[in-house]
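Student: I should like to work through this model by question and answer. Could we take the salt bridges, then the strands and then the domains?

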Amino acid sequence: MMQKKYLQFWKEFGLVLKEGPAEDFANKETVAKLLRFASTHNDGCEQTASLEDYILRMKEGQKAIYYITADSYVAAKNSPHLELFNKKGIEVLLLSDRIDEWMLSYLTEFDGKALQSITKADLDLGDLADKESETQKQQDEAFGSFIERVKNLLGERVKTVRLTHNLTDTPAVVSTDNDQMTTQMAKLFAAAGQPVPEVKYTFELNPEHHLVKKVADIADETEFADWVELLLEQAMLAERGSLENPAAFIKRINKLLG
């Protein structure tokens, strides 16, 4: 009964409580115990998971509290960055309130556990990470020239290009480094009319995906460029929720499907 009453209270005043870690920094640990979030542990979008609950459910060897921020619960729930975590059964908090990214700049740890975004290029799963297999080593070698072609094509538009073994169903994603502004924080700055520093993404490609294998075998440079651009645009759309030039994206899809 108390839990039900608190969740009703949370629905009414949760956004106010999320201001707590910044407004009352000295008591942020106490305030953090009151916070509730949506989570991959539950099926719905209701914010019912506490940080204490999350820690009790952590995998053996897990050292961080993992989360993802997005424009909506649906966007967070369906992010390709979740694929590895779903595969391993690692819980991820799904944050979609506009205030969440700002709150996290003050709430960086809880009960000695760091809060870590799963969209970072330098994501470290620690003891939960898979050891590099012989197949992965062979893929890294086999796709070496392909990665260089993509780097040369995209140039300064991305920070770097590399293979990733963290995806299962998606051909490519983009990610940022820990020292870079996140996509959601950049959106907050833009919405507030503040200058937004350029965010350069790491472009990560899944060597197991049939589209990536197909593109790697394309010899014609024009066709190769179209497919690489499409993969990058798809990754940017999944990360940002929009594209700078959606008309060009649609035109490219129609061209490649024609």
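Student: In this predicted model, is R57 buried, partly exposed or exposed?

Tutor: The relative accessibility of R57 is 31%. Buried requires under 20% and exposed over 50%. R57 therefore counts as partly exposed.

Student: With which residue does R57 form a salt bridge?

Tutor: The closest N and O atoms of the pair are 2.8 Å apart, and the cut-off for a salt bridge is 4 Å. R57 lies in the loop between α4 (51-56) and β2, and its partner in the loop between α6 and β3, so the pair ties together parts that are 34 residues apart in sequence. The partner of R57 is E91.

Student: Is E91 buried or exposed?

Tutor: The limit for a buried residue is a relative accessible area under 20%. E91 has 9% relative accessibility, and therefore E91 counts as buried.

Student: How far apart are the closest N and O atoms of K187 and D71?

Tutor: K187 is partly exposed, with a relative accessible area of 24%, and D71 is also classed as partly exposed, at 47%. K187 and D71 form a salt bridge. The closest N and O atoms of K187 and D71 are separated by 2.5 Å.

Student: How many residues apart are K187 and D71 in the chain?

Tutor: K187 belongs to helix α10 (residues 183-191). D71 is in the loop between β2 and α5 (73-77). The pair links distant parts of the chain, with a separation of 116 residues.

Student: Which residue forms a salt bridge with R252?

Tutor: R252 is buried, with a relative accessible area of 17%, and its partner counts as buried at 12%. The closest N and O atoms of this salt bridge are 2.9 Å apart. R252 is in helix α13 (residues 246-257) and the partner in helix α12 (residues 221-240), 19 residues apart. The partner is E233.

Student: Which residues are linked with E233 and R252 in a network of salt bridges?

Tutor: Side chains of opposite charge can pair when their charged atoms come close. The salt bridge between R252 and E233 belongs to a network of salt bridges. The other members of that network are D226 and K255.

Student: How many residues of strand β2 (residues 64-69) are buried?

Tutor: In a regular strand the side chains alternate between the two faces of the sheet. In β2 one side carries A64, Y66 and I68 and the other I65, Y67 and T69, and both faces are covered. Strand β2 is largely enclosed by the rest of the structure, because the buried residues number six of the six.

Student: Which strands pair with β2 in the parallel sense?

Tutor: One partner, residues 113-117, is joined to β2 by four bridges, and the two strands run parallel; here I65 stands opposite L115. The other, residues 93-95, pairs with β2 in the parallel sense over three bridges, and the bridge partner of I68 there is L94. These strands are β5 and β3.

Student: Which residues form the covered face of strand β6 (residues 160-163)?

Tutor: Strand β6 runs parallel to strand β8 (residues 202-205), with four bridges between them, and L163 stands opposite L205. The uncovered face of β6 holds T160 and R162. The covered face holds V161 and L163.

Student: How much area do domain 1 and domain 2 bury between them?

Tutor: The domain assignment places domain 1 at 1-127 and domain 2 at 130-257. The contact takes 17 residues from domain 1 and 25 residues from domain 2. Of the area buried between the domains, 49% is on carbon and sulfur atoms, and the total is about 1,800 Å².

Student: Which three residues supply 31% of the area that domain 1 buries against domain 2?

Tutor: No other three residues supply more of that area. They are E83, K120 and A121.

Student: Which helix gives the most residues to the side of domain 1 that touches domain 2?

Tutor: Across this interface there are 13 residue pairs in polar contact and one salt bridge. On the side of domain 1, α6 (83-88) and α7 (100-104) each supply at least two residues. The helix that gives the most, with four residues, is α6.

Definitions and conventions:
Residues are numbered from 1 along each chain as its sequence is written. This is a predicted model: local features need pLDDT of at least 70, side-chain atom pairs count only at pLDDT 80 or more; totals for chains, interfaces and linings use all residues. Side-chain values use heavy atoms; hydrogens and water are left out. Buried means under 20% relative accessible area, exposed over 50%, partly exposed in between (1.4 Å probe, protein chains only). Two strands pair if DSSP finds at least two bridges between them. Domain bounds come from an automatic or database domain assignment. Contact means heavy atoms within 4.5 Å. Buried area is the accessible area (1.4 Å probe) that two parts lose on being put together, summed over both. A salt bridge is a side-chain nitrogen of Lys or Arg within 4 Å of a carboxyl oxygen of Asp or Glu. A polar contact is a pair of N or O atoms within 3.5 Å; within protein, one must be able to donate a hydrogen and the other to accept it, and residues adjacent in sequence count only if both atoms are side-chain atoms.
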